[in-house]
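Q: Please take a close look at one small part of this model, and then follow its neighbours outward until the rest of the assembly comes into view. I would like a connected account that I can check against the coordinates on my screen.

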Amino acid sequence: MSQSYNRGTIESFGRWREFSAGMWAWIFHKFTGWVLVGYLFTHIAVLSTAIEGAEMYTNTIVTLEGLLLVRILEVGLLAVAVFHILNGLRLLLVDLGIGLESQDKSFYASVILTGAITVASVPTFIAGAF
Amino acid sequence: MSTQPPQQQSEEPAAEQSADAESTPAAQQRREDKKAADREARDKRQAEEAEREAKANEDTREIKVFRYDPEVEAKQEPRFDTFHVPFTKGMTVLDAVIYARDHFDPSLTFRHSCRQAVCGSDAFFVNGQQRLGCKTQISDLEEPIRIEPLPHQDVVKDLVVDMDHFYEEMEAVDPYFDPDETPDGELEEQRQSRANREKVKMSTRCIWCGACFSSCNIAAGDNEYLGPAALNKAYRFAMDDREGDAKTQDRLETIEQEHGVWRCQTQFSCTNVCPKDIPLTEHIQELKREAVKKNLKFW
């Protein structure tokens, strides 16, 4: 829309505090989607440089897993993937027209479940990193 | 109590005594005393009244109203004006801006008509959400109450936005009946089943206020997107049994185009803000399924 003047934060992203559940779900879904796409290509790029022999492959993996940053990113990757899966299921229900009145609750449930699974995964991912 | 009765009482004895010249000063004195007492009582009453009024005025609500007028030089730069409006029980946002206009600034401009959520002319952006001014209680809102024109629409003046684009989208879905066959008799009714009536019931409640259209993120970014209100209109007629098959097909073709139902990202913003509680997202989702059913035929 052509605006002849600046209406301030009324039409900007600065109103994020006023977002409701459905909007947050949409933003998180886009964000996690892009992160997963980014991860997919990184995954292909990294592994395709380590396919000359079994030893090289093992070395690459062991070196990567030895880095604390990689361990932490793995936790993040799990969180992102879990949220994307759960919200994807939520969207599937929305597309089927099931439980549209409780779409906000299913979003909160997705967030809480993602948090719980992420926290529970921390010991597994971080074990031996320090 | 009025001041009349005591005055009459004082005049009667005075008239009797006026014959007696010697007692005149005494009567005069009495009259003056009486008058002084009356004056005092009146002053006291007025003071009390003023105090009561002041106390009532103490209970005010602070509203910040968006001001803009391209024709007035001082208002070409948008700003917020603050008004302190005396609160009364049951006061709505519309009541507050009407009070501000009537008592503080007659140039404050906004649309309103029926004041009972039927005409749909007073949708504002109140405290960060699209709401109907006449349906929003002041007591439900946090102070200061920010009242702005609907986002994603051009502002004409103050709280008045240009609704032309919204109406264009509404007209784009042909918001009228087009039955294949009409009953023979001129006065014959076109009956609808109870179940079908229930199905379209909520979608018929639209008052064209534009709140949903303004809240929709997609409509804001895609000028050609029909928007929730127009799609709801399409739903209202496409789902009606009485509508002709040809017209229904035509309607589905309109809504399944690139800027039709598939733009909807199910953010539920429209459903959240609709003052008439129309489940807009649900209706759009159902239209999406209808569009798929129409095009995917495995049998």
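A: Two strands are said to pair when DSSP finds at least two bridges between them. With that in mind, the part to look at is strand β3 of chain B, residues 123-126, in what is a predicted model. β3(B) and β5(B) pair in the antiparallel sense, and they do so over two bridges. On its pairing with β4(B), the strand is again antiparallel, this time over four bridges.

B:F125 is a convenient residue from which to view both pairings, for it stands opposite B:Q130 in β4(B) and also opposite B:E148 in β5(B). The connection from β3(B) to β4(B) is a hairpin with two residues between the strands, and B:N127, which sits in that turn, has a positive phi of about 45 degrees.

In a regular strand the side chains alternate between the two faces of the sheet. In β3(B), B:A123 and B:F125 are on one side and B:F124 and B:V126 are on the other, and since a residue counts as buried when 20 or more other C-beta atoms lie within 10 Å of its own, the burial of all four residues shows that both faces of the strand are covered.

Moving on from the hairpin, the loop between β4 (129-132) and β5 (145-148) of chain B contains B:P144. The peptide bond that leads into this proline, from B:E143 to B:P144, is cis, with omega near -10 degrees.

From β5 the path leads into the interior of the chain. B:I147, whose number falls within the range of β5, is one of the residues that touch the most other members of the largest nonpolar core, a set of 56 residues in which B:V93, B:V97, B:C212, B:L231 and B:A234 share that distinction. Helix α8 of chain B, residues 228-238, gives this core its largest share, seven residues. Domain 2 (60-161) and domain 3 (164-295) of chain B both contribute residues, and the core therefore lies between them. Around B:V97, leaving aside residues up to four places away in sequence, the contacts are with B:V65, B:L108, B:F110, B:G133 and B:I147.

Two further residues with unusual backbone angles can be found toward the end of chain B, and their surroundings contrast. B:T266, in the loop between α9 (245-255) and α10 (269-273), has a positive phi of about 45 degrees although it is not a glycine; with 21 other C-beta atoms within 10 Å, B:T266 is buried. B:D277 lies in the loop between α10 and α11 (280-295), and its phi, near 55 degrees, is likewise positive in a residue other than glycine. Having 9 other C-beta atoms within 10 Å, B:D277 is exposed.

The helices that flank this second loop bring chain A into the picture. The contact between the chains takes 21 residues from chain B and 18 residues from chain A. On the side of chain B that touches chain A, α10 and α11 each supply at least two residues, and α11(B) gives the largest share, five residues. By class, that side of chain B has five nonpolar, 11 polar and five charged residues.

Seen as wholes, the two chains can be described as follows. Chain B comes to 11 helices and seven strands, and buried residues make up 32% of its 299 residues. Chain A has four helices and zero strands, and 13% of its 130 residues count as buried. An unreviewed UniProt entry lists residues 21-46, 66-86 and 107-129 of chain A under "transmembrane region". Within the model, residues 21-46 of chain A are 100% helix, with end C-alpha atoms 37 Å apart, while residues 66-86 are 95% helix, with their end C-alpha atoms 30 Å apart.

Definitions and conventions
Residues are numbered from 1 along each chain as its sequence is written. Chains are lettered from A and ligands numbered from 1 in the order in which they are written. This is a predicted model: local features need pLDDT of at least 70, side-chain atom pairs count only at pLDDT 80 or more; totals for chains, interfaces and linings use all residues. A nonpolar core is a set of buried Ala, Val, Leu, Ile, Met, Phe, Trp, Tyr and Cys residues joined through C-beta atoms within 7 Å. A residue is buried if 20 or more other C-beta atoms lie within 10 Å of its own, exposed if 12 or fewer, and partly exposed in between; C-beta atoms are placed from the backbone. Domain bounds come from an automatic or database domain assignment. Two residues are in contact if their C-beta atoms, placed from the backbone, lie within 7 Å. Ala, Val, Leu, Ile, Met, Phe, Trp, Tyr, Cys and Pro count as nonpolar, Asp, Glu, Lys and Arg as charged, and the others, Gly among them, as polar. UniProt positions are given in the numbering used here, feature names are shortened, and annotations may be inferred rather than shown by experiment.
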